[in-house]
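Dear colleague,

I am handing over the structure we spoke about, and below it you will find my notes on what was found. Please read them with the model open beside you.

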Amino acid sequence: MKKPVVLIPIDTYDQARVDEAVRQGLELLGGMEQFIDKEEKVLLKPNLLARALPQKAITTHPAVFSAVCRLLREEGYRHVSYGDSPGSPTTSPEKATETGGLAAEAARYNVPLADFTGGSVVHFPQGKTARSFYLCNAVQEMDAMINLCKMKTHALERITGAVKNLYGCITGVNKATGHAHYPNSEVFADMLADLNLCVKPRLHIMDGIVAMEGNGPSSGTPVSMNVLLFSSDPVALDSVFAGLIHLDPAAVPTCVSAAREGVGTMDHAQIDIITPEGSISMEEARARYGKADFDVFRGEMKKSLLAKVMPLLPFLQHRPKADMKKCIACGVCEESCPVAEKAVRAGNGKKAKYDYRKCIRCYCCQEMCPAKAIEVYRSPLNKLLGGK
């Protein structure tokens, strides 16, 4: 049986239009009660990566969050809360929700902010890569989660959507530790697959009305994609996102790992894309709603060839690089670096300086830089060695 992914075209964050789009999307998916009982404790998990205004396209837009809150309240769901653990441990969930506009909408519908600051270790012995997670208290106390993810690029995993958004279920400082434990895109994606199986969200809604391309997930460029996506399968949802930007899901580590571990399907032939006009193929969806020139990294590294030049590896690998003209010497990059001895030093008037022998290419520094001063440097020598 094919996995349904609902695609609702919408080109505005006008609240009335978004309310209707969310209601229509869930109706086409079978209705909220198909996924969540009205007496369960429901946790809304938006993307609140950082303190950012909605128009920056870094976080889930408050209009999408508001529409889900309204629908839940109108349909009689009484036990609803929300929250996320921001990427930087110095940013509180309260500050992120206020700046991103979600706090005001939550107050409108009497949806409290759950505890995403405290947490404890939850064992997951069936995990293939990760056997335990330091989960926020809010995640441990919920019955059902609705994942309100954002359509964006990601330096480590190419794109971030439904599968990756669950990393916010882990408390602040422990997210940095996770990057050190799972230091490349493949093993990090394997961990995320286990996390999805551990947390098991019931429903995923992707805000792709305005997405982020380029230097994502926090320093990229807002771009109109004009869609909302809905599914109970996070892998299928991310695979449709990949298809819309003309990217093969097999090139997305989170799709590959999560599909392999049984989280969902990334095979477009096994996905039923449902629109208000009826079901369409991925080819039709790409032609009608896609963006071929979406700025996302499409190349690859051929490790077997690079291994032959190991002494030069730190200079041949893709790596974070700071623009000294943009760097404000704030030290956020150093704070966010998960390496114990720190691969980047900055702050107290000193601009970012890297030691690439220590860098694990997790791109936490790039992800959290408030000045958009850090980009991923793609070495031109990679192409000569067989990469792209």
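**Helix α2, the cores and N165**

Of the 13 residues of α2, 10 are buried (under 20% relative accessible area, with a 1.4 Å probe and protein chains only), so this helix is largely enclosed by the rest of the structure. This is a predicted model, in which local features need pLDDT of at least 70 and side-chain atom pairs count only at pLDDT 80 or more, while totals for chains, interfaces and linings use all residues. Residues are numbered from 1 along each chain as its sequence is written, and side-chain values use heavy atoms, with hydrogens and water left out.

Helix α2 (a DSSP run of H or I, at least four residues, numbered from the N terminus) covers residues 62-74 and reaches 18 Å from its first C-alpha to its last, close to the 18 Å expected at 1.5 Å a residue, where the expected span is 1.5 Å times one less than the number of residues. Among its buried residues are P62, F65, C69 and L72, and the helix is followed by G76, whose phi is positive, near 90°.

N165 is found in helix α6, residues 162-165, and counts as buried because its relative accessibility is 4%. The side chain of N165 makes a polar contact (a pair of N or O atoms within 3.5 Å, one able to donate a hydrogen and the other to accept it; residues adjacent in sequence count only if both atoms are side-chain atoms) with the side chain of N147, at 2.6 Å.

Best wishes

Methods. Helices (H or I, at least four residues) and strands (E, at least two) are DSSP runs, numbered from the N terminus. Buried means under 20% relative accessible area, exposed over 50%, partly exposed in between (1.4 Å probe, protein chains only).
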